[in-house]
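The exercises below are meant to be worked through with the sequence and the 3D structure in view. Each one sets a task and then gives a solution in steps.

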Amino acid sequence: MSKAIFELVDELPTGGLTVMSLNALDFVIPGQWQNIVGFDNTIKIVTGTDDPDYIQAIGERAVALYNDKGEGYQTAMWLYNTVDSGSRLLGAAAMANKVGESFSMLSFLGNITPKAETAQTIDLSVKLVAEIVAFCQINGIPGDSVGDFLAALGDYGGESLMRMAALICFDGLIPLGPDFIGMVMDKMGGMGANELEGNQTFKGIKDQIPGGDTGGKLGFITESFGSVSGWMSDFVTSRGLTPETVVGNLRNFVEISDDKLDYLGAFLDVSTNYYEHTGAQTLARRLIERAAAEM
Amino acid sequence: MIVSNWRKALMPIVLSVALLFSACSSKEPSKYATTQKETSGRSAPAAVAKNAEAGGDFNKFFPQGDAGFARVFSQEKKGFAEAKLNKGGKNVAVLSISDTISLPAAAKKYEKSTSKIGSYPLLDEAPLKSTGVLVNNRYQVKVASRDPSFTATDRQAWLSKFNLDGLSKLK
């Protein structure tokens, strides 16, 4: 059985590589993300109440809503979990006891390999599609409505905006370089269904991607990326984001030598689970908002 | 013999220590454990009633944005619709309509109401910084503050901007 929502939120870490790497992106969206952990604490922050009876009642309603499979919240959580690379377990376990220290990538170089560009391209686009599908599962807008998603993107804030910032920086700029948007669009446009079929991230969530067969799903992924590319491009330009500025901020807690920069994307991939972490935070917030409004 | 007695004497100590450790290490059950048990599993009741109104049917009764306030729809689920009210890019309040058919206690609390908007009972919940009305004894319309600048008076003013009479005719 899947975990209860209160357990997922109570168990969110306050430190470790995921939290540190997200904090390193504070310069991208200054002050907009706080690492809110704990179910009751989230209820207090979202609703502004500290009345224990209200907190309990809101919590109970949120738990019930999450457990109703027809409501789509569990599917959204599953999507956030699944697109976060399975390979991260290696990094997470090995580094768990190093919280608070500066991490040296060198000791892990034997275990990580930079991904081929095609694999990274698919990963980035599939993660973006997972965001669209999860958004629709949580907020209830039909699953293939990219237009609604775009309207809501403008209103993204807090943990949702941080997730997008991390997607752009950790899965776009760092592994693929400053022209990643054009590169991904070119590669996806010329990709065959077979290439997509072989990708692990795609395989993980393909049943949730609209479009029918693999060719149709490829079309949906390519179209979705194209629709969001303008927003991403603005995000990068307006904040002056480059691989160098992102790496510069990551250097505050990871030792990275210039000749090993190729490995940084893979290192972040195996050692962080920012989709799952911020996804649980987004989900908790939306559930709590709804529960408080309904009770 | 001595060895055997020594073992006999030690056993209760070992057992008590083991019990003490297991008691200390076992987590206290969560205060949501009962709800979790009741609402998960195959025979668990649905959280949203089958005949709840579609959330999209509520959208047209929401007020438009106003001078300085942008209204952004944020959730549309069965029996529930929600919009954010943003001012200067900051979320200051949340507007919502929900169908209490899924949660009858939500409608029942309006029995305590002592004031009205039009003919609809009004209730302010100070701990939640939230004010609501109940339409047709079924649809709950709420405005909740998300910023100290948005007061109880603002909440009532925005509640009046909903098309409550239109909502009351929803079949």
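**Exercise 1. Describe the order of helices and strands in chain B, and then its packing.**

Solution. Read along the sequence, chain B runs α-α-β-β-β-α-β-β-β-β-α-α, where helices (H or I, at least four residues) and strands (E, at least two) are DSSP runs numbered from the N terminus. That pattern holds five helices and seven strands. The structure is a predicted model, in which local features need pLDDT of at least 70, side-chain atom pairs count only at pLDDT 80 or more, and totals for chains, interfaces and linings use all residues. Residues are numbered from 1 along each chain as its sequence is written, while chains are lettered from A and ligands numbered from 1 in the order in which they are written.

Next, consider burial: of the 171 residues in chain B, 35% are buried, a residue being buried if 20 or more other C-beta atoms, placed from the backbone, lie within 10 Å of its own. As for contacts (C-beta atoms, placed from the backbone, within 7 Å), 48% of those in chain B with a separation of 6 or more join residues 24 or more positions apart.

**Exercise 2. State how confident the predictor is.**

Solution. The average pLDDT of chain B, on a scale from 0 to 100, is 88, and 84% of its residues score at least 70. For the complex, the predictor gives an ipTM of 0.86 and a pTM of 0.88.

**Exercise 3. Check the length of helix α7 of chain A and describe its surroundings.**

Solution. Helix α7(A) covers residues 117–139, and its 23 residues should span 33 Å at 1.5 Å a residue, which agrees with end C-alpha atoms 33 Å apart; the expected span is 1.5 Å times one less than the number of residues. Because 20 of these 23 residues are buried, α7(A) is largely enclosed by the rest of the structure. After the helix comes A:G140, with a positive phi near 85°.

**Exercise 4. Find what α7(A) adds to the largest nonpolar core, and follow one core residue.**

Solution. A nonpolar core is a set of buried Ala, Val, Leu, Ile, Met, Phe, Trp, Tyr and Cys residues joined through C-beta atoms within 7 Å. The largest has 115 residues, and those with the most contacts inside it include A:V129 and A:L287. The largest share of this core, twelve residues, comes from α7(A). Leaving out residues up to four places away in sequence, A:L287 touches A:I5, A:A62, A:L65, A:Y66 and A:Y73.

Notes
A residue is buried if 20 or more other C-beta atoms lie within 10 Å of its own, exposed if 12 or fewer, and partly exposed in between; C-beta atoms are placed from the backbone. Two residues are in contact if their C-beta atoms, placed from the backbone, lie within 7 Å. pLDDT is the predictor's confidence in each residue, from 0 to 100.
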